[in-house]
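The following exercises concern secondary structure, packing and burial in one protein chain. Each task is followed by a solution in steps.

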Amino acid sequence: MRGWRNSLSGRTHRVPANQIAMAGFAAVVELVPRPGHLLSNQVAYEVEASYAEQEYQPDEAVTGEVQITTSEPLVGRVRVVAIDEATGLRVYRELFSVRFRRAGTKRIPFTIVPTPAPNNSYRVVATLFSLDAPHDRTRLAKATTEFSVHAAETPIAPLPFWLSYCADPTCGGQPPLAVNVCPETNPSCSPSRQTTVVPLLDGRQINQVLFPIQNPNGTGVTATLVSGSGSVIGSLVLSRTSPVILKSDVDVTLSYYNVSPVWGGTTNLEFVSVTLTSAEVVTTVYRHPTFLVNDEVTQLHEQSREIISGESQIAGIDPGQMHAIFMPSEFATLGEGNFSTGNLNIFMNYANPPYIDALGSIYAVVMPRFAHEYVHELFSEVAQSHPGNYDCLNEGLADAFAFAAGFLPEQDFGPVGLRGTDFNQGCAAITQDPEIHDAGNCPFWQVHRLGQLSQSFVASVLSPQHVIAFDSCNLTSAQTGNALIVLFSEAAGVDMTQAIDMAEIPNAGSYEAAKQALGL
Ligand SMILES: [Zn+2]
């Protein structure tokens with residue numbers, strides 16, 4: 001064996017970083033044979049080791065191939081070892097026999113089992129030995145290559161349009177929201193302890209947060225806004241910046257998940273996301289790590305799919321694959337946190353554990369609202385069929401449609417409006433101070449009272465025969481009354497003047513008269 005080292009001209013080919021994901025990279029070592037060992041001066045051996053990939057996920061089988069090329073007949077063995085580059089320990093060793101009757105190339109596949117531990121790099125060395133004589137094991141060629149195994153980097157979860165990730169811990173250099181917490185009995189106290197509250201999604205700081213300050217000891221606390229952009233309502237902190245500097249000598253907990261502050265340090269309000277994909281919808285659910293730990297995320301995704309396919313089928317409209325985000329109260333820093341962009345995005349606020357307990361389930365909280373928001377997505381596809389101010393028609397249809405489709409409970413539709421109006425008494429009361437959902441729902445509620453609010457009815461109102469310009473929020477206008485008579489009558493297939501009379505909206509008195517008044 002003496003002298004073999006000099007006979008190797010090992011040219012170790014390392015994988016350049018920018019090629020790391022490229023498949024089929026081969027490390028090549030060429031051998032200059034040991035003088036005298038081989039009969040011919042022209043003989044060359046070549047070993048290549050290559051991998052399907054250079055990067056592997058944990059538990060993914062690491063597979064590769066050693067390619068042996070010889071210009072001579074050869075009986076030999078290939079030894080393949082994998083070495084952990086951090087520890088220098090060998091994590092895999094295998095011997096393969098090779099037999100060449102003549103010059104040629106052979107490929108030897110191999111699989112490294114068990115999969116090496118993640119977050120490490122591994123060096124693989126394939127060495128070709130000659131076995132021409134039983135005791136003359138001569139190293140003929142060697143090839144080296146590398147692969148790494150690492151945990152998948154968490155993909156960056158989408159955020160609703162009102163939130164963004166912070167590029168730095170000050171989140172763009174805005175002053176943090178400062179809040180003092182004092183006992184109710186001493187609301188102007190000067191707390192001596194403070195913590196920096198950082199809201200995080202998948203470990204990335206976000207720029208806004210909403211959280212309650214809770215006192216597990218039951219005694220009342222008062223929170224006061226000291227400075228910064230945001231507000232404090234009762235014990236609820238709404239911060240338009242991040243982080244939040246909270247001072248308190250009371251042992252409060254933060255958020256609906258009772259996070260204990262790290263006094264004199266940083267308190268992470270950590271949330272994690274899960275994304276599930278289907279043809280109908282890409283669903284992302286944010287949750288506190290302690291919450292929604294069973295099959296709730298899958299259920300939210302599956303129920304979203306069911307609502308999308310059900311309502312899309314009733315409407316005969318397919319806007320395309322939706323993107324839905326389900327978030328806890330902590331992320332709902334804009335409005336109620338329920339939005340449809342009309343552009344394939346739906347944002348849903350599933351509230352918080354106490355609210356969910358009060359309503360019975362997360363699905364009861366959020367899925368009827370999702371069914372409502374998805375109707376807005378359908379509406380936006382045909383908005384050109386509803387010229388004029390369609391805001392109230394859009395809101396009314398969103399509830400009426402979701403109700404007719406079986407995805408929204410009746411009490412969410414009527415008869416009691418958001419402002420407490422009883423739709424069974426007509427809609428005149430709404431005209432004093434119209435609220436868009438109430439002004440929208442009330443005329444549809446009259447259709448329901450008349451037993452005409454079917455799935456085909458709501459689909460026909462969504463995609464009407466006649467395109468009529470009217471202000472759907474003006475329930476004192478005869479133009480509105482006549483437009484609704486035409487839309488509702490053509491959708492129901494019967495004269496629906498009675499519904500508009502019950503809604504107390506001025507009108508021409510019949511379907512024919514309404515058409516005439518509108519010049520149709
Ligand atoms: Zn709406």
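**Exercise 1.** Which residues are buried in H8?

*Solution.* The model is a predicted one, in which local features need pLDDT of at least 70, side-chain atom pairs count only at pLDDT 80 or more, and totals for chains, interfaces and linings use all residues. Residues are numbered from 1 along each chain as its sequence is written.

Step 1. Helices (H or I, at least four residues) and strands (E, at least two) are DSSP runs, numbered from the N terminus. A residue is buried if 20 or more other C-beta atoms lie within 10 Å of its own, exposed if 12 or fewer, and partly exposed in between, with C-beta atoms placed from the backbone.

Step 2. By this criterion, Phe457, Val458, Ala459, Val461 and Leu462 of H8 are buried.

Step 3. These buried residues pack against H2 (296-315), H4 (362-381), H5, H7 (436-449) and H9 (478-492). Contact here requires that the C-beta atoms of two residues, placed from the backbone, lie within 7 Å.

**Exercise 2.** Determine how H5 and H8 pack, and describe the residues of their contact.

*Solution.* Step 1. H5 (residues 391-404) and H8 (residues 455-462) have axes 8 Å apart, at an angle of about 150°. Axes are lines fitted to C-alpha atoms, for helices over the stretch in contact, and angles run from 0 to 180 degrees between N-to-C directions.

Step 2. H5 is therefore roughly antiparallel to H8, a term that applies to angles over 145 degrees.

Step 3. The crossing of H5 and H8 is left-handed, meaning that the near helix is turned anticlockwise from the far one by less than a right angle.

Step 4. From H5, Leu397, Ala400, Phe401 and Ala404 meet Gln455, Val458, Val461 and Leu462 of H8. The contact of H5 with H8 comprises seven nonpolar residues, one polar and no charged. In this scheme Ala, Val, Leu, Ile, Met, Phe, Trp, Tyr, Cys and Pro count as nonpolar, Asp, Glu, Lys and Arg as charged, and the others, Gly among them, as polar.

**Exercise 3.** Describe the side-chain pattern and the pairing of E18.

*Solution.* Step 1. Side chains alternate along E18 (residues 244-248): Val244, Leu246 and Ser248 point to one face and are buried, whereas Ile245 and Lys247 point to the other and are not.

Step 2. Two strands pair if DSSP finds at least two bridges between them. E11 (residues 177-183) runs parallel to E18, joined by five bridges, and E12 (residues 194-201) runs antiparallel to E18, joined by four.

Step 3. Ile245 of E18 stands opposite Ala178 and is also the bridge partner of Thr196.

**Exercise 4.** What is the strand order of the open sheet of four strands, and why do E16 and E19 each have one side without a neighbour?

*Solution.* Step 1. The order is E16-E17-E14-E19, with antiparallel pairing.

Step 2. E16 (230-233) and E19 (253-254) stand at the edges with a single partner strand each, so one side of each lacks a neighbour in the sheet.

Step 3. E16 pairs with E17 (residues 236-239) over four bridges in the antiparallel sense; within this pair, Gly230 has Ser239 of E17 as its bridge partner.

**Exercise 5.** How many helices and strands are there in the protein chain?

*Solution.* The protein chain has eleven helices and 24 strands. Of its 520 residues, 41% count as buried.

Methods. Parallel < 35°, antiparallel > 145°, perpendicular 65-115°, else oblique.
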